Amino acid sequence: MQKRHFSIEDFIGFGERYGIDYRFPSLATGLFSKAQRIVIQGDVEEMTLSSGINLTRSDIRVLQPYETTSLHSCPLYMLVVLEGSVMLRLNGEAFVVRSGMAFTSRLSEHQVMNASHLADCHLRTLSLGVDPASCWQSPLLSALLQQWEAHGAPTFLWQVPGFLLSGLQQTQQTQQASLPALSRQLMLEGVMLQLLGNALSQRLQGQESRRTAPCGAQQRLENVRRLLEQHPEKEYTLAALAQLAAMSASSLRVKFRQAYGHSVFDYLRDCRLELARRYLAQGYSVQQAAWMSGYQHATNFSTAFRRRYGMAPSEIRAS
């Protein structure tokens with residue numbers, strides 16, 4: 001489904017289809033004009049893949065702030081943010097899903113998810129859920145769901161690998177290029193199954209890291225991760241980060257990958273590229289964005305940017 005403007009009435013339709021309650025805080029009085037009834041502007045595409053995955057792709061600008069509450073059950077739900085950020089709460093616990101990250105959980109009457117969307121922000125997201133009634137058609141997906149349940153259907157936030165982000169970018173480009181429907185559906189099926197497989201892998205790695213790393217070590221690892229995320233433009237050495245984590249450089253290298261699925265400097269690179277993407281969207285030049293995000297050479301930056309996002313940084317700036 002594609003449409004340039006989505007009104008409150010459209011959202012009511014979404015809610016009926018997907019079991020979502022929508023609230024519009026700035027329109028609480030109920031007295032608002034026709035123009036104010038427009039909540040978002042952009043494209044929303046809904047589809048059900050043959051494997052039993054329900055997928056919603058959004059590329060929107062939020063015009064009116066809105067909040068959502070999940071009312072349906074879904075044994076395996078995932079939200080992937082490609083641009084912007086989404087604030088979630090699940091049973092009182094807060095999660096901020098930033099660009100390049102995924103949130104994975106089970107939704108039910110005992111695990112209700114709330115999301116907040118602020119006005120005047122651009123969001124590109126993928127939301128997918130496994131339909132237990134039809135996933136039996138795909139033995140692979142059915143086996144994945146069984147294994148997921150066996151691990152307690154956990155809730156966690158994780159960084160999507162760069163090669164998968166590139167694949168997701170490619171699926172959006174093919175939609176715009178109007179490829180044959182079957183070709184595009186095959187591409188989407190493949191990328192969605194890879195996403196689900198990586199979510200399971202991330203969970204298994206997380207369990208292993210908890211078995212091998214004491215609680216205090218996990219907190220020190222998280223301190224390192226937050227430092228890289230909040231200040232990616234700075235220069236870091238493995239030795240200095242290891243000192244912050246109170247462990248040897250080799251231990252930090254191993255334990256960081258176990259905990260987050262990336263090496264220390266792969267994670268730093270992804271944080272730098274996301275910061276640069278925001279600078280480009282604000283109108284800074286490629287050279288300025290590269291320098292302000294920690295890159296010394298625009299050529300190295302452009303190569304890394306294209307590898308992750310599937311497009312040149314100049315294309316982001318032009319758009």
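## Exercises on a predicted model

The buried residues of helix α1 (residues 8-18) are Ile-8, Asp-10, Phe-11, Gly-13, Phe-14 and Gly-15. Here buried means under 20% relative accessible area, exposed over 50%, and partly exposed in between, with a 1.4 Å probe and protein chains only. Helices (H or I, at least four residues) and strands (E, at least two) are DSSP runs, numbered from the N terminus.

The model is predicted: local features need pLDDT of at least 70, side-chain atom pairs count only at pLDDT 80 or more, and totals for chains, interfaces and linings use all residues. Residues are numbered from 1 along each chain as its sequence is written, and side-chain values use heavy atoms, with hydrogens and water left out.

**Exercise 1.** Find which elements the buried residues of α1 pack against, and what follows the helix.

*Solution.* Step 1: take the contacts of the buried residues, where contact means heavy atoms within 4.5 Å. They lead to β1 (5-7), β2 (20-23), β3 (38-48) and β5 (66-70). Step 2: go to the end of the helix. Gly-19 follows α1 and has a positive phi, near 65°.

**Exercise 2.** Two alanines, Ala-153 and Ala-246, have positive phi; place each one and decide whether it is buried or exposed.

*Solution.* Step 1: read the angles. Phi is near 45° for Ala-153 and about 55° for Ala-246, and neither residue is a glycine. Step 2: locate them. Ala-153 is in the loop between α2 (139-150) and β12 (156-159), while Ala-246 is in the loop between α6 (238-244) and α7 (249-260). Step 3: apply the cut-offs. Ala-153 has a relative accessible area of 4%, so it is buried. Ala-246 has 55% relative accessibility and therefore counts as exposed.

**Exercise 3.** Describe the surroundings of Arg-225 in helix α5 (residues 215-230).

*Solution.* Step 1: check accessibility. Arg-225 counts as buried because its relative accessibility is 12%. Step 2: list its contacts, leaving out residues up to four places away in sequence. Arg-225 touches Phe-256, Tyr-260 and Tyr-267. Step 3: take one partner. Phe-256 is 31 residues from Arg-225 along the chain, and their C-alpha atoms are separated by 8.4 Å.

**Exercise 4.** Summarise the whole protein: its elements, its buried share and its contacts.

*Solution.* Step 1: count elements. The protein has eleven helices and twelve strands. Step 2: of its 319 residues, 50% are buried. Step 3: among contacts between residues at least 6 apart in sequence, 71% join residues at least 24 apart.
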